[in-house]
Amino acid sequence: MSEEFPTPQLIDDLEIHPDHDNTRVFKDLLAGTAGGIAQVFVGQPFDTTKVRLQTSNTPTTASTVVRNLLKNEGPMGFYKGTLTPLIGVGACVSLQFGVNEAMKRFFRSVNDKKTGGANNSNGLLSLPQYYVCGVTGGFTNSFLAAPIEHVRIRLQTQTGSGKDAEFKGPIDCIKKLRSQKGLMRGLTPTLLREGHGCGTYFLVYEALVSNQINKGLTRTDIPAWKLCMFGALSGTALWMMVYPIDVIKSVMQTDNLLSPKAGKSVKTVAKHIYKTHGWKGFFKGFGPTMIRAAPANGATFATFELVMRLLD
């Protein structure tokens with residue numbers, strides 16, 4: 001990307017975010033939580049479909065999964081395990097955005113020291129710095145996201161109900177996974193996915209915002225529909241970059257806890273997927289994921305930015 005391409009404004013560099021605002025971190029986390037909740041409500045049906053496709057032992061399609069789910073479990077089957085992501089994803093997105101914003105402020109201070117405050121009055125960052133901000137947020141979030149997603153996936157993929165259900169709810173699932181020392185299964189692929197994925201995620205979003213700033217707009221002047229569109233494109237870019245590792249994670253988190261058939265490491269699980277399904281196995285559920293990426297992440301970023309404006 002050209003060195004002349006302008007870098008976008010930091011949220012806290014706007015006039016509405018004064019440097020002496022001691023509530024900045026709280027506001028970042030609150031807005032991130034709101035964005036995460038919006039993401040869950042919009043994206044959960046697509047996510048349930050994706051997970052069942054990723055973990056299916058027989059060839060199937062998204063339409064078949066949807067038909068069977070509606071037939072056997074009803075419309076609310078799409079929202080199985082929603083309580084966990086509703087709380088957990090809100091916390092995860094809050095952490096992602098909170099760490100990302102904190103890293104922006106860190107790089108701004110570093111840049112100010114290098115330039116002595118000259119030619120950096122707006123606290124602008126380079127695009128690589130925005131990528132590092134996202135990577136840091138993703139890595140930090142992984143330690144929260146891995147167990148939350150593990151519980152969600154276990155609940156999403158169980159087809160039994162009532163007395164036939166293996167897990168009676170998220171609390172019961174957490175207890176059983178902990179008793180078998182499997183709650184953190186899938187942490188390694190989660191770190192890989194969240195690190196590079198969030199780096200791409202925030203970089204693309206800030207690059208799109210910078211284009212608007214280059215046209216003379218301030219960040220608060222950007223309309224909600226554009227924020228939603230930028231978020232949609234950022235989410236799409238994220239999943240295009242990390243989808244195969246997400247499949248590996250899903251397989252690891254649905255495998256037998258005591259005697260996993262696919263293996264215990266990223267490498268062995270990847271070999272198992274390729275041997276069983278070929279290269280196409282790494283893209284099972286890709287369609288629903290990409291369809292979900294646009295509305296879910298559009299809602300996430302638009303909600304985050306609008307809540308930030310309301311809080312100031």
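Helices α1 and α2 are roughly perpendicular to each other, because their axes cross at roughly 110° and angles of 65 to 115 degrees are counted that way. This comes from a predicted model, so please read everything below in that light.

**The α1/α2 pair**

Helix α1 covers residues 24–54 and helix α2 covers residues 62–73, and their axes come within 10 Å. The crossing of α1 past α2 is right-handed. On the α1 side, the contact is made by T48, T49, R52 and L53, while α2 brings A62, V65, V66, L69 and E73. Sorted by character, the residues of this contact comprise five nonpolar, two polar and two charged.

**The chain as a whole**

Stepping back, the protein chain holds nine helices and zero strands. Its pattern along the sequence reads α-α-α-α-α-α-α-α-α. The chain has 312 residues, of which 53% count as buried. If you look at contacts with a separation of 6 or more, 81% of them join residues 24 or more positions apart.

**The largest nonpolar core**

Which residues have the most contacts inside the largest nonpolar core? They are W239, I248, V269 and I273, in a core of 36 residues. Two or more residues come from each of α1, α3 (83–115), α6 (187–214), α7 (224–254), α8 (266–277) and α9 (286–311). Among these elements, α7 gives the most, with eleven residues.

V269 deserves a closer look. Setting aside neighbours within four places in sequence, V269 touches I248, V251, M252, A262 and G263. One of these partners, I248, is also on the list of residues with the most contacts inside the core.

**Two residues to compare**

Here is a pair you may like to pick out in the viewer.

| Residue | Place | Relative accessibility | Class |
|---|---|---|---|
| N141 | helix α4 (residues 127–157) | 1% | buried |
| K181 | loop between α5 (170–179) and α6 | 82% | exposed |

N141 counts as buried because its 1% relative accessibility falls under the 20% cut-off. Apart from neighbours within four places in sequence, N141 is in contact with C92, L95, Q96 and E194.

K181 counts as exposed, since 82% relative accessibility is over the 50% cut-off. What is the phi of K181? It is positive, at about 55°, although K181 is not a glycine. For context, most residues other than glycine have a negative phi.

Methods: Residues numbered from 1 in each chain as written. Predicted model: local features only at pLDDT ≥ 70, side-chain atom pairs only at ≥ 80, totals over all residues. Heavy atoms only, no water. Axes fitted to C-alpha atoms, helices over the stretch in contact; angles between N-to-C directions. Helix = DSSP H or I, 4+ residues; strand = E, 2+ residues; numbered from the N terminus. Parallel < 35°, antiparallel > 145°, perpendicular 65-115°, else oblique. Left-handed = near helix turned anticlockwise from the far one by under 90°. Contact = heavy atoms within 4.5 Å. Nonpolar A, V, L, I, M, F, W, Y, C, P; charged D, E, K, R; others polar. Core = buried A, V, L, I, M, F, W, Y, C linked by side-chain atoms within 4.5 Å. Buried < 20%, exposed > 50% of the residue type's maximum accessible area, 1.4 Å probe, protein only.
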